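Visitor: I'm new to this one and would like a close look at a single part. Could you take me to the helix that carries the aromatic cluster, and show me what else that helix does?

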Amino acid sequence: MSIDNKAKIAEYLSRFFPVQDLKDDDDIFQLGFVSSMFAIQLVSFVEHEFGLTIDNDDLELDNFRSVGALDAFVSRKLSAPVAS
Amino acid sequence: MTSTLTAEQAQAQKEFRAFADRHVVPHADAYHRTQRTPPEIVALLASEGLLGLPVATRYGGGGADAVTLGLLAGELGRACSSLRSLLTVHTMVAHAVARWGSRELKETWLPRLAAGESIGALAVSEPGAGSDAAGVTTRLTRDGDSWLIDGHKTWTTYGETADVFLVLGRSPEGPTAVLVERDTAGLSTELIEDLIGIRASMTADVRLDGCRVPAGHVLARPGLGLSHVVGTALDLGRYTVGWGCVGIVDACLEASVDYAGNRETFGTPIKDHQLVRQMISNMYTDARAARLMCLEAGRLRDEGDPGALAQTSTAKYFASTAASRAAASAVQIHGANGCSSGFPVQRYLGDSRVMEIIEGSSQIHQIGLAEYAFQERALVRHRKAAATPRSEGR
Ligand SMILES: Cc1cc2nc3c(=O)[nH]c(=O)nc-3n(C[C@H](O)[C@H](O)[C@H](O)COP(=O)(O)OP(=O)(O)OC[C@H]3O[C@@H](n4cnc5c(N)ncnc54)[C@H](O)[C@@H]3O)c2cc1C
């Protein structure tokens with residue numbers, strides 16, 4: 001769907017994981033993240049890179065689990081009507 | 001040094017400086033001696049809108065950017081690290097509510113916090129858990145539409161006077177952050193006296209004995225209390241502590257330059273001795289470097305740049321170690337007077353020790369900073385690998 005978005009997400013996540021190529025469906029939580037600030041770095045990256053706001057309701061781990069899941073989440077958020 | 005500021009930020013800084021010089025500097029040593037923050041100065045900070053500075057205007061706050069908040073923390077830190085700590089913990093709580101609170105929590109708490117009607121405190125540390133915050137043992141148990149909380153928090157800055165606590169506990173889902181009001185049955189506090197620094201900070205032990213709070217008081221979600229809620233609060237806390245340390249270095253430099261110009265030994269002001277000048281020049285360099293790092297952290301924060309986290313940690317680590325160096329030198333330059341309560345440098349020395357422990361000790365920041373260095377390098381490696389065609393048969 002969004003090759004650019006996916007590439008951006010994969011490149012960002014590649015900083016955190018010692019694998020050469022993160023596959024679309026690699027579960028990043030199972031790979032184990034290395035930094036205690038990882039979660040808010042990731043939230044901050046997604047908000048900054050794609051200009052959206054992550055709310056409490058978005059905090060499903062499934063939205064953040066893999067490159068593919070993040071890409072789908074970003075696409076969904078970007079196409080959702082803006083809340084007043 | 002102020003050339004990166006907008007006209008509004010420069011004006012705000014002037015006003016913060018005037019406020020600190022008029023209302024705080026003359027009294028800070030007395031606060032330190034008596035180990036108390038008078039409620040009047042808190043009320044004044046509140047009525048000037050300073051406690052709600054970063055809160056969004058729609059909740060009655062000042063809607064200030066991060067750089068402006070930093071400038072306030074810097075000026076308060078120059079005057080009194082205890083009051084700067086009040087700003088730190090209070091804005092940490094407001095920030096966590098703004099970021100991860102439900103709409104209802106935001107509408108209830110942000111106007112109160114913005115107005116300073118309610119003072120917020122952060123209750124994460126326990127007797128057995130500090131740096132390793134995931135080790136907290138405070139228990140959150142679900143009971144119908146509420147949570148029951150049992151635990152013992154300690155080192156809670158302004159815990160003795162705060163109206164609302166952001167408490168990190170453990171629920172079946174994992175680390176969980178919840179707001180607890182002071183008048184909740186089962187909550188009690190006890191002042192911790194005779195600290196080495198921020199002696200006026202009303203730091204307290206907080207006991208939670210079967211405290212019942214509505215389920216809606218949880219921030220973000222159960223399980224995300226540390227990674228998201230406390231992580232977000234700590235990030236802001238590090239930023240304002242870093243700025244507070246810029247203030248400590250400035251205060252050390254001002255006091256040392258004045259003293260060295262007046263005190264004479266061997267027939268000349270001590271400012272003429274090269275070894276004294278060396279201490280001053282190191283302080284001068286540290287003051288500028290720490291300020292620039294904090295300004296850069298502020299700029300990145302205002303841009304929403306994810307690199308702000310690493311820059312904030314770098315700035316806090318550098319500024320707090322710079323404050324330690326500056327305070328030690330300032331006491332040295334003051335000789336015996338520096339060891340007495342007649343000069344504020346003795347206060348700066350104790351305060352600077354605390355700055356290297358709170359909001360992540362120097363060692364915890366060092367660990368994180370190395371991690372950021374590896375992350376940045378990993379990106380370069382990844383890009384190189386992507387650009388290099390793979391040889392066949394690999
Ligand atoms: C005046 C004051 C006010 C405070 N205010 C608050 C507050 O408002 N709210 C709150 O929740 N807490 C507060 N704290 C507590 C503060 O956050 C903790 O003291 C801090 O997190 C360190 O924890 P600790 O004291 O348990 O030290 P420990 O975590 O036991 O660490 C002891 C020493 O070991 C080092 N160390 C620990 N782990 C490692 C490691 N992995 N590698 C290398 N070295 C390591 C530390 O750097 C430190 O030097 C306050 C503390 C003080 C002194």
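Guide: Here is a walk around helix α3 of chain A, starting with the chain as a whole and ending at the contact with chain B.

Keep in mind that this is a predicted model. Chain A has five helices and zero strands, so reading from the N terminus you just get α-α-α-α-α. Of its 84 residues, 46% count as buried. Now look at contacts in chain A between residues at least 6 apart in sequence: 59% of them join residues at least 24 apart.

Let's zoom in on the rings. Over all chains, the whole structure has four aromatic pairs. One of them is A:Y12 with A:F45, and it's stacked: the ring centres sit 3.9 Å from each other, with 0° between the planes. That pair links distant parts of the chain, since A:Y12 belongs to helix α1 of chain A and A:F45 to helix α3 of chain A, 33 residues apart. Both A:Y12 and A:F45 are buried.

A:F45 has another partner, too. With A:F50 it makes an edge-to-face pair, at 6.1 Å centre to centre and 80° between the planes. A:F50 is buried, just as A:F45 is. Put the pairs together and you have A:Y12, A:F45 and A:F50 linked into a cluster.

Next, the neighbouring chain. A:E47 reaches B:R99 through a side-chain salt bridge, 2.5 Å from N to O. Chain A and chain B have two salt bridges between them, and seven residue pairs in polar contact, counting pairs with both residues at pLDDT 80 or more. Which elements of chain A give two or more residues to the side that touches chain B? They are α1 (3-13) and α3 (38-50). Of the elements, α3(A) gives the most to that side, with eight residues. Sorted by class, the side of chain A that touches chain B has 10 nonpolar, seven polar and six charged residues.

Step back and take in the whole contact. It draws 23 residues from chain A and 27 residues from chain B. Together the two chains bury about 2,300 Å² between them, and 53% of that is on carbon and sulfur atoms.

So that's the picture for α3 of chain A: the helix holds A:F45, which stacks on A:Y12 of α1, and it also gives eight residues to the side that touches chain B.

Methods:
Residues numbered from 1 in each chain as written. Chains lettered and ligands numbered in written order. Predicted model: local features only at pLDDT ≥ 70, side-chain atom pairs only at ≥ 80, totals over all residues. Heavy atoms only, no water. Contact = heavy atoms within 4.5 Å. Buried area = accessible area lost by both parts, 1.4 Å probe. Salt bridge = Lys/Arg side-chain N within 4 Å of Asp/Glu carboxyl O. Polar contact = N/O pair within 3.5 Å; in protein donor to acceptor, adjacent residues only side chain to side chain. Helix = DSSP H or I, 4+ residues; strand = E, 2+ residues; numbered from the N terminus. Nonpolar A, V, L, I, M, F, W, Y, C, P; charged D, E, K, R; others polar. Phe/Tyr/Trp six-rings, centres within 6.5 Å; stacked < 30°, edge-to-face > 60°. Buried < 20%, exposed > 50% of the residue type's maximum accessible area, 1.4 Å probe, protein only.
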